[in-house]
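Q: Please pick one part of this model and describe it closely, with the cut-offs behind each term. Then set that part against the rest of the structure.

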Amino acid sequence: MIQGISIYHFLIVSTLMFFIGITGFIIRQNLITILLSVELILNSVAINFLVFNRYLFPGQLQGHFFSLFIVGVAAAEASVAIALIINIYRRIHNIEVNNVNEMKF
Amino acid sequence: MTLNVVMFYLLSGVILTFSVLTVTSRKMLRAAVYLLFVLVATSGLYFLLKFQFLAAVQLTLYAGGIVVLIIFSILLTSHISEKFKKPETWKLWMGITAFVLGSALALWTLLSHNFVKEPGVKEIPVNMHVIGNQLLGVGKNGFALPFEIISLLLLASMVAAIVIAKKEKN
């Protein structure tokens with residue numbers, strides 16, 4: 001419980017951040033900027049987990065640990081995605097989404 | 001207004017402003033740096049919620065690791081001075097519609113729901129002792145299984161990154 005700030009304040013911030021990420025996912029053309037939007041989405045979800053942990057179930061640490069795992073999953077996801085992007089760049093010298101229509105290994 | 005509230009509004013203002021800039025900036029390196037600001041402000045929110053360990057993890061792993069990785073890959077794959085062309089109009093409107101409709105629905109659901117705190121629970125301190133015990137515990141409140149699974153995931157992603165990024169012979 002944080003003095004003076006209700007749970008709704010945090011949740012509104014994270015909701016807006018989530019949908020900004022979705023919008024970026026839709027309007028962006030470049031693979032790396034799409035990855036940036038995905039990071040925004042993951043981050044907003046982690047905020048949600050922590051806020052529910054702190055405000056509603058302060059006797060346990062479940063939200064805390066799942067945010068920790070989200071950070072780990074985000075790191076794994078970013079490294080694999082960047083490896084893929086660099087490989088695509090080697091093949092077609094471009095990382096625009098419209099030009100990537102074949103991903104056969 | 002106490003300092004708490006002032007900090008909260010400052011941090012959430014930074015988060016929202018720089019998230020919008022991240023998805024609208026037309027220079028890629030700038031978008032990555034704006035994402036860095038968002039992540040640092042988020043770790044500030046974690047400090048505000050009194051999760052110091054997670055805030056430190058966020059700063060070192062997210063802001064220190066992932067953003068540097070992304071910046072390196074930007075430097076490898078594109079010209080820094082290059083500007084994106086504007087997104088097509090129908091795509092832009094589709095994105096804005098998704099934002100408005102989605103956030104309206106989510107916020108309406110959120111604000112009409114009454115969150116009830118679990119009654120009669122004492123706040124437990126989040127220090128390293130508690131975190132270590134719970135993360136490796138197998139009993140009640142133990143998180144040994146997800147911990148093992150995430151270690152497997154990290155191993156798999158390491159192997160995958162090496163296999164994918166390796167240069168082919170010939």
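A: The answer starts with one helix, moves to the contacts around it, and ends with the two chains as wholes.

The model is predicted, so local features are given only at pLDDT of at least 70 and side-chain atom pairs only at pLDDT 80 or more, while totals for chains, interfaces and linings use all residues. Residues are numbered from 1 along each chain as its sequence is written, and chains are lettered from A and ligands numbered from 1 in the order in which they are written.

The part chosen is helix α2 of chain A, residues 31-56. Helices here are DSSP runs of H or I with at least four residues, strands are runs of E with at least two, and both are numbered from the N terminus. The expected span of a helix is 1.5 Å times one less than its number of residues. For the 26 residues of α2(A) that gives 38 Å, and because the end C-alpha atoms are 38 Å apart, the two values agree.

Of the 26 residues in α2(A), 19 are buried, which leaves the helix mostly covered. Buried means that 20 or more other C-beta atoms lie within 10 Å of the residue's own; 12 or fewer makes it exposed, values in between make it partly exposed, and the C-beta atoms are placed from the backbone.

One residue of this helix can be followed further. Setting aside neighbours within four places in sequence, I32(A) is in contact with I85(A) and I95(A) in chain A, and with M28(B), I70(B), S73(B) and I74(B) in chain B. A contact means that two C-beta atoms, placed from the backbone, lie within 7 Å.

I32(A) also appears in the largest nonpolar core, which has 58 residues. Such a core is a set of buried Ala, Val, Leu, Ile, Met, Phe, Trp, Tyr and Cys residues joined through C-beta atoms within 7 Å. The members that touch the most others are I32(A), L36(A) and L50(A) from chain A, with A32(B), L35(B), V38(B) and I70(B) from chain B. Two or more residues come from each of α1, α2 and α3 of chain A and from α1 (3-24), α2 (28-48) and α3 (52-77) of chain B. The largest share, 12 residues, is from α2(A).

The next topic is the interface. In total, 64 residues of chain A are in contact with 72 residues of chain B. On the chain A side, α1 (7-27), α2 and α3 each give two or more residues. Here the largest share is that of α3(A), with 21 residues. By class this side holds 43 nonpolar, 18 polar and three charged residues; Ala, Val, Leu, Ile, Met, Phe, Trp, Tyr, Cys and Pro count as nonpolar, Asp, Glu, Lys and Arg as charged, and the others, Gly among them, as polar.

A further point between the chains is I124(B), in the loop between α4 (89-111) and α5 (128-135) of chain B. Residues up to four places away in sequence aside, I124(B) touches P58(A), G59(A) and V130(B). I124(B) is partly exposed because 13 other C-beta atoms lie within 10 Å.

Chain A as a whole has three helices and zero strands. Of its 105 residues, 48% count as buried. Its C-alpha trace spans about 55 × 25 × 15 Å along the principal axes. The radius of gyration, taken over C-alpha atoms, can be set against a globule rule of 2.2 Å times the number of residues to the power 0.38. Chain A has 17 Å, where a compact globule of 105 residues would be near 13 Å. After α3 (62-92) of chain A comes H93(A), which is exposed because it has 9 C-beta neighbours inside 10 Å.

Chain B has six helices and zero strands, and 24% of its 170 residues are buried. Its radius of gyration is 21 Å, against near 15 Å for a compact globule of 170 residues. An automatic or database domain assignment supplies the domain bounds: domain 1 covers 1-85 and domain 2 covers 124-170. The C-alpha centres of these two domains of chain B are 24 Å apart.

Two loop residues of chain B that are not glycine have positive phi: K50(B), near 65°, and N141(B), about 60°. K50(B) sits between α2 and α3 of chain B, and N141(B) between α5 and α6 (144-165).
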